[in-house]
Amino acid sequence: MAKMYPNKFPKDNDSTGERKVYEYFKQQAPDDWIVLHSLRLPKHHEVVFGESDFVVLAPGYGVFVLEIKSGGVGFDGSYWIFRDRNGKATKKQRGPFKQAEEGMFQVSEMIINRLGEKFDRRHLLYGYGVIFTDEADFPRETIVEDEPWRLYQKSNGTNYGEFVVQLANNFINELKALRKNLPRRPSVADVEKIRRVLRP
């Protein structure tokens with residue numbers, strides 16, 4: 001099981017999706033993974049109170065920010081539509097892929113400020129992804145913000161650790177295709193240093 005921070009799912013968090021992902025990592029992720037839930041981003045550029053649902057520190061793979069959406073999810077070409085368990089719908093222009101990407105940049109900035117350039121995105125693998133825990137039929141061809149492989153939805157299963165591994169491999173393949181230098185994968189020591197920076 002992964003090391004979870006906090007070590008219990010918060011009682012005041014009513015997100016069934018986040019709970020599913022939290023319990024998966026706690027019970028089934030590799031022992032050397034460190035998973036931070038609900039990480040505040042104090043210097044977020046887009047919103048007053050930024051937050052990353054999960055930051056996964058995975059030795060041998062990378063540092064990954066995951067955005068979780070439960071309930072129904074749709075996209076009408078302009079707005080993302082989120083439907084809760086009671087059927088209530090809300091619309092947002094800023095979609096989950098943008099949220100995850102911005103979270104990744106903010107997390108990496110926090111790390112670099114404390115640990116230096118050896119931990120920047122040129123030298124260490126960072127990535128992000130989106131999980132729809134309840135939506136099974138979201139049409140990937142409507143994803144206009146990002147690559148479809150950054151989405152893991154209910155029809156893909158509940159092996160969220162496998163999704164993190166897929167993200168790592170796809171990021172590397174993308175960099176290879178662009179003929180860019182490949183960053184290193186973090187070690188166990190690296191992820192512990194990062195954990196101390198993000199959640200002392």
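Which residue stands opposite Phe75 in E6? Select strand E5 (72–75) and strand E6 (residues 80–83) to find out: the partner of Phe75 is Trp80. The model is a predicted one, and the tour starts from this pair.

**Stop 1: the three-stranded sheet**

Keep E5 and E6 selected. The two strands run antiparallel and are joined by four bridges. Besides the Phe75 and Trp80 pair, look at Gly72, which stands opposite Arg83 in E6. Between E5 and E6 is a hairpin connection of four residues, and Gly77 in that turn has a positive phi of about 100°.

Now add strand E7 (89–92). E6 and E7 are also antiparallel, with four bridges between them. Here Ile81 faces Lys91 in E7 as its opposite residue. The hairpin of E6 and E7 has five residues between the strands, and Gly87 in the turn has a positive phi of about 90°.

With the three strands shown together, the sheet is open and reads E5-E6-E7, with antiparallel pairing. E5 and E7 each have a single partner strand, so one side of each lacks a neighbour in the sheet. From one strand to the next, the twist averages 20°.

Show the side chains of E6. In a regular strand, side chains alternate between the two faces of the sheet. In E6, Trp80 and Phe82 point to one face and are buried. Ile81 and Arg83 point to the other face and are not buried.

**Stop 2: the six-stranded sheet**

Next select E1, E2, E3, E4, E8 and E9. They form an open sheet in the order E1-E2-E3-E4-E8-E9, with mixed pairing. Which strands stand at the edges? They are E1 and strand E9 (151–153), each with a single partner strand, so each has one side without a neighbour in the sheet. The twist averages 25° from one strand to the next.

At the E9 end, zoom in on strand E8 (residues 126–132). E8 and E9 pair in the parallel sense over three bridges. Phe132 is the residue opposite Gln153 in E9.

Add helix H1 (16–28). H1 packs on the sheet and touches E1, E2, strand E3 (50–58), strand E4 (62–69) and E8. The direction of H1 makes about 20° with that of E3. Then add helix H3 (160–177). H3 lies across E3, E4, E8 and E9, and runs at about 135° to E8.

**Stop 3: the loop between E1 and H1**

Select Pro6, which is placed in the loop between strand E1 (3–5) and helix H1. The peptide bond from Tyr5 to Pro6 is cis, with omega near 0°.

In that loop between E1 and H1, move on to Ser15. Is Ser15 buried or exposed? Its relative accessibility is 15%, so Ser15 counts as buried. The Ser15 side chain reaches the backbone nitrogen of Glu18 at 3.1 Å. Leaving out residues up to four places away in sequence, Ser15 touches Phe9 and Ser70.

**Stop 4: two positive phi values outside glycine**

Select Ser38 in strand E2 (residues 34–41). Ser38 is not a glycine, yet phi is positive there, near 55°.

Now go to Arg179, in the loop between H3 and helix H4 (188–198). Phi of Arg179 is likewise positive, near 55°. Arg179 is exposed, with a relative accessible area of 79%.

**Stop 5: helices H2 and H4**

Select helix H2 (residues 96–115), which has 20 residues. From first C-alpha to last, H2 reaches 28 Å, close to the 28 Å expected at 1.5 Å a residue. The buried residues of H2 include Phe97, Met104, Val107 and Ile111. After H2 comes Gly116, with a positive phi near 90°.

Add H4. The axes of H2 and H4 come within 10 Å and cross at roughly 100°. That makes the two helices roughly perpendicular. To see the contact, show Val107, Met110, Ile111, Arg114 and Leu115 in H2, which meet Lys193, Ile194, Val197 and Leu198 in H4. Val107 and Ile111, both in this contact, are also among the buried residues of H2.

Technical notes
Residues are numbered from 1 along each chain as its sequence is written. This is a predicted model: local features need pLDDT of at least 70, side-chain atom pairs count only at pLDDT 80 or more; totals for chains, interfaces and linings use all residues. Side-chain values use heavy atoms; hydrogens and water are left out. The expected span of a helix is 1.5 Å times one less than its number of residues. Buried means under 20% relative accessible area, exposed over 50%, partly exposed in between (1.4 Å probe, protein chains only). Two strands pair if DSSP finds at least two bridges between them. Axes are lines fitted to C-alpha atoms, for helices over the stretch in contact, and angles run from 0 to 180 degrees between N-to-C directions. A polar contact is a pair of N or O atoms within 3.5 Å; within protein, one must be able to donate a hydrogen and the other to accept it, and residues adjacent in sequence count only if both atoms are side-chain atoms. Contact means heavy atoms within 4.5 Å. Angles under 35 degrees count as roughly parallel, over 145 as roughly antiparallel, 65 to 115 as roughly perpendicular and the rest as oblique.
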